[in-house]
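Student: I'd like a close look at one part of this protein, with its surroundings explained along the way. Please keep it friendly, as I spend my days at the bench.

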Amino acid sequence: MASQAAIDTSGLTKAPTAVEALKNWYSNNPQTEEEDANPRDVSRAVLYSKDLWRAPFAEMRANAPINKVEDSFYGPYWNITSHKVIQHVEALPELFSSDISNGGITIAEPPEEREFDMPMFIAMDRPKHTGQRRTVAPAFTPAKMKDMEAEIRARTGEVLDSLPWDEEFDWVDKVSIELTTGMLAILFDFPWDDRRLLTFWSDWAGDVELTRARELEEKRREILFEMGGYFMQLWNQRVNAEPTPDLISMMIHSEAMNDMDFHEFMGNLVLLIVGGNDTTRNSMSAVAYGLTQFPEQRAKLQQNPDLIPNAVQEIIRWQTPLSHMRRTATEDTDLFGHEIKKGDKLILWYISANRDEEVFEDADQIIVDRPNARRNLSFGYGIHRCVGARLAELQLRVLLEEMAARRMQVDVTGPVERVHACFVHGYREMPVKISKY
Ligand code: HEM
């Protein structure tokens, strides 16, 4: 890492985390509408926090892989639940738009007030998307991943060596969050001691459930404003300095940056933080949770560490850290016999595609040597396919390799707390014990 000048954090508020704020909001606004809803309305967060999502998706894949929900908290939307149809939709980005002006990439509508918008290329169509993706893609080439591997391995080892053996602790906090924030701090050359701010900001920036709680909108803006101030300081430090290999400096000095203003730079930085955060965190939590569920598969992996790269794909498939992405039709069209109207919202349920029996046999099982685990759609498909996929895969592979090097086995020891949301699919808390095998 390059040497870092201190950043002034004196202006930052002591706000609660987004999770605490939402929990507090829910306790004052109990959600009752979810109990007697349309079973095909799979936007209900309770299906994910109580782990009840498999049956409604299996029913839809069997009987109606494309179907329309007329009434939901998020308005009318189409459920797209099969692997084949999701790939088809993502292969037609002109017809099925990601652009924020058409509705963006999640089931929640973007706020009407757009003056605080941070433009992000995940929510842009071509040609703008192409140019902006180009500013960050060079940070994720195989060669760049090789350069980062030693540092990621060293940090991963430090975290694993700090864990207590034979004593219960929270895997999400001590491992998943710690390693993910460390990985992002390395990528951005972000001041190490402030790295947990990345988690704090990302949770406030990316939690779709916050759209339920209108009164938290203002808090959210205030926090994002503070984040902007922090990154402004980093920008100022790096803009006139010699280029360094970190992503912020790479973006500033990239040629495509000439077409980007500070707003867009900020938007794309936030995209990278949010995009890399919950997703990688929840895949690492799935390492502990999923392998505890399938002990014979875990034993297979322990006996044959060469299976680790495939197991990484399989765990990412099985978890599906983002349940969905959204597209919006730009014209009236026919989709396998269904009449889609211009402006219709299509929800691409990756969580269902990854359980599609036509592609994955015994899809609810983790099978560490599953031959086609790579066909998972957890990273999406087509022009928006996750730009950070290689980094996430690297981080997970290194985690499993370093666990194997220590002969470390993780067992989940009690009930887990899951994220209450239909977008991020993961865990808030996970009690575990580690032991030697
Ligand atoms: C896009 C998932 C890790 C940055 C996406 C998309 C998905 C996804 C589903 C949208 C694809 C689409 O619309 O077709 C994941 C998962 C991850 C992960 C499951 C971990 C297991 C990361 C990391 C980073 C990152 C580590 C960066 C540090 C991005 C960006 C985009 C994106 C910038 C936008 C790409 C574009 O629009 O061209 N990711 N992601 N992601 N992801 Fe990831």
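Student: By class, how many nonpolar, polar and charged residues does the lining of the second largest pocket have?

Tutor: The lining of that pocket has 10 charged residues, along with five nonpolar and two polar ones. Here Asp, Glu, Lys and Arg are charged, Ala, Val, Leu, Ile, Met, Phe, Trp, Tyr, Cys and Pro are nonpolar, and the others, Gly among them, are polar. Before we go further, note that this is a predicted model, in which local features need pLDDT of at least 70 and side-chain atom pairs pLDDT 80 or more, while totals for chains, interfaces and linings use all residues. Residues are numbered from 1 along each chain as its sequence is written, and side-chain values use heavy atoms, without hydrogens or water.

The volume of this second largest pocket is about 350 Å³, the space filled by probe spheres set on grid points that are joined across faces, edges and corners. A pocket is an open set of points on a 1 Å grid over the protein atoms alone, with protein on both sides within 12 Å along at least five of seven lines; a cavity is a set where a 1.4 Å probe fits but cannot get out, and lining residues have an atom within 4 Å of a point. Of the 17 residues in the pocket lining, Thr-17, Val-19, Asp-173, Ile-177 and Asp-203 lie nearest the centre. Helix H8 (196–206) contributes the most, with four residues, and helix H1 (18–28), helix H7 and strand E11 (427–429) each supply at least two. These elements are DSSP runs numbered from the N terminus: helices (H or I) have at least four residues and strands (E) at least two.

Helix H7 (171–188) leads us to the ligand, since H7 also supplies at least two residues of the shell around it, as do H5 (128–136), H11 (262–293) and E5 (324–329). The biggest contribution to that shell comes from H11, with seven residues. In total, 31 residues surround the ligand, and Glu-90, His-129, Arg-133, His-384 and Cys-386 are the closest; to count, a residue needs a heavy atom within 4 Å. By class, this shell has 18 nonpolar, 10 polar and three charged residues.

Some of these neighbours make polar contacts, which are pairs of N or O atoms within 3.5 Å. The side chain of Arg-133 places an N or O atom 2.7 Å from a ligand oxygen, and the side chain of Tyr-350 has one 3.5 Å from a ligand oxygen. At Gly-275, a backbone N or O atom is 3.3 Å from a ligand nitrogen. The iron atom of the ligand has Cys-386 (SG) as its only protein donor, at 2.3 Å; donors are N, O and S atoms within 2.8 Å of the metal (3.2 Å for Na, K and Ca), and sites may look incomplete as water is not among the atoms. Cys-386 sits in the loop between H14 (350–353) and H15.

Both H11 and H15 also appear in the interior space. There are two cavities of 30 Å³ or more, and the largest holds about 150 Å³. Its 14 lining residues include Leu-301, Gln-302, Leu-400, Met-403 and Met-408, which are the closest to its centre. H11, H12 (295–303), H15 (389–405) and E9 each give two or more residues to this lining, whose classes are 11 nonpolar, two polar and one charged.

Strand E9 then takes us to a sheet. E4, E12 and E9 form an open, antiparallel sheet in the order E4-E12-E9, where E4 (169–170) and E9 (408–412) are the edge strands and pair on one side only. Strands count as paired if DSSP finds at least two bridges between them, and E9 and E12 (431–436) have five. One bridge partnership joins Val-412 to Val-432 in E12. In the loop between H6 (142–161) and E4 lies Asp-166, whose phi is near 60 degrees, a positive value in a residue other than glycine.

Strand E5, which we met in the ligand shell, belongs to a five-stranded open sheet of mixed pairing, in the order E1-E2-E8-E5-E3. Within that sheet, E2 (77–80) and E8 (345–349) run parallel over three bridges, and Asn-79 has Ile-347 in E8 as its bridge partner. The loop between E3 and H5 holds Pro-127, which is joined to Arg-126 by a cis peptide bond with omega of about 5 degrees.

How values were computed:
A polar contact is a pair of N or O atoms within 3.5 Å; within protein, one must be able to donate a hydrogen and the other to accept it, and residues adjacent in sequence count only if both atoms are side-chain atoms.
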